[in-house]
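Q: I have this chain open and want to go through it piece by piece. Can you start with the basic terms?

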Amino acid sequence: MELSEIGVFVGVDMAKMDHFAQATTTNGIELFAGPVLNDQTAIEKLIDDASAHGCVAIVIDMTASNKQLLLAVATQQEVPVPFNRATDAPSSRPPRRFSQD
């Protein structure tokens, strides 16, 4: 997947119980924002809701291990997670990598 194919970035601020997600277009238009449970169904809905507006990439801002469910669901739905602010590196091995060209 090329970076230019991404239409929606979903930023997720991770917490122990709930997360906070904000979806924006590549033009900076906010599509939605609000709490998301750390629950597979809730995360799938988050990705589905964002996908209705274009190809999605998820950006997470956290260092704790509770990001694993989000990463697992994103990988299952073939949603790249190109950047993890805590490490400045890819946070998982997405099924398709971004091309930097």
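A: Helices (H or I, at least four residues) and strands (E, at least two) are DSSP runs, numbered from the N terminus. This is a predicted model, where local features need pLDDT of at least 70, side-chain atom pairs count only at pLDDT 80 or more, and totals for chains, interfaces and linings use all residues. Residues are numbered from 1 along each chain as its sequence is written, and side-chain values use heavy atoms, with hydrogens and water left out.

Q: OK. How many helices and strands are in the protein chain?

A: The protein chain has 2 helices and 5 strands. Along the sequence the pattern is β-β-β-α-β-α-β.

Q: What happens just after α2?

A: Glu78 comes just after α2 and takes a positive phi of about 60°. Glu78 is a residue other than glycine.

Q: Why point that out?

A: Because most residues other than glycine have a negative phi.

Q: Where is the place of Glu78, and is Glu78 buried or exposed?

A: Glu78 sits in the loop between α2 and β5 (83–84). Glu78 is in between, since its relative accessibility is 42% and that counts as partly exposed. The cut-offs are under 20% relative accessible area for buried and over 50% for exposed, with partly exposed in between (1.4 Å probe, protein chains only).

Q: Now the helix itself. Which residues in helix α2 are buried?

A: In α2, residues 68–76, the buried ones are Leu70, Leu71, Val73 and Ala74. Seen down the axis of α2, these buried residues fall within an arc of 165°, so they line one face of the helix. The arc is that of the directions from the helix axis to the C-beta atoms.

Q: What's in the largest nonpolar core?

A: The largest nonpolar core has 20 residues, and those touching the most other members are Val10, Val12, Ile47, Val56, Ile58, Ile60 and Leu70. At least two residues of this core come from each of β1, β2, α1 (40–51), β4 (55–61) and α2. A nonpolar core here is a set of buried Ala, Val, Leu, Ile, Met, Phe, Trp, Tyr and Cys residues joined through side-chain atoms within 4.5 Å.

Q: Take Ile47. What does it touch?

A: Not counting residues up to four places away in sequence, Ile47 touches Val56, Ile58, Val73, Ala74, Gln77 and Val79. Contact means heavy atoms within 4.5 Å.

Q: Different topic: strands. How many bridges join β1 to β2?

A: There are 6 bridges between β1 and β2, and the two run antiparallel. They form a hairpin with 4 residues between them. Asp13 has Phe20 in β2 as its bridge partner. Two strands pair if DSSP finds at least two bridges between them.

Q: And β2 with β3?

A: β2 is joined to β3, residues 30–37, by 7 bridges, again antiparallel. Asp18 stands opposite Leu37 in β3, and Ala23 stands opposite Phe32 in β3. The hairpin of β2 and β3 has 4 residues between the strands, and Gly28 there takes a positive phi near 85°.

Q: Which residues are on the covered face of β2?

A: His19, Ala21, Ala23 and Thr25 form the covered face, while Asp18, Phe20, Gln22 and Thr24 form the uncovered one.

Q: Why does His19 count as buried?

A: Because its relative accessibility is 4%. The side chain of His19 also makes a polar contact with the side chain of Asn38, at 3.1 Å. A polar contact is a pair of N or O atoms within 3.5 Å; within protein, one must be able to donate a hydrogen and the other to accept it, and residues adjacent in sequence count only if both atoms are side-chain atoms.

Q: What about Thr25?

A: Thr25 is in β2, residues 18–25, and counts as buried because its relative accessible area is 17%. Leaving out residues up to four places away in sequence, Thr25 touches Gly7, Val8 and Leu31.

Q: Last one, Met17. Buried or exposed?

A: Met17 is exposed, with a relative accessible area of 66%. Met17 lies in the loop between β1 (6–13) and β2. Beyond its neighbours within four places in sequence, Met17 is in contact with Leu37 and Asn38.

Q: How much of the whole chain is buried?

A: Buried residues make up 35% of the 101 residues in the protein chain.
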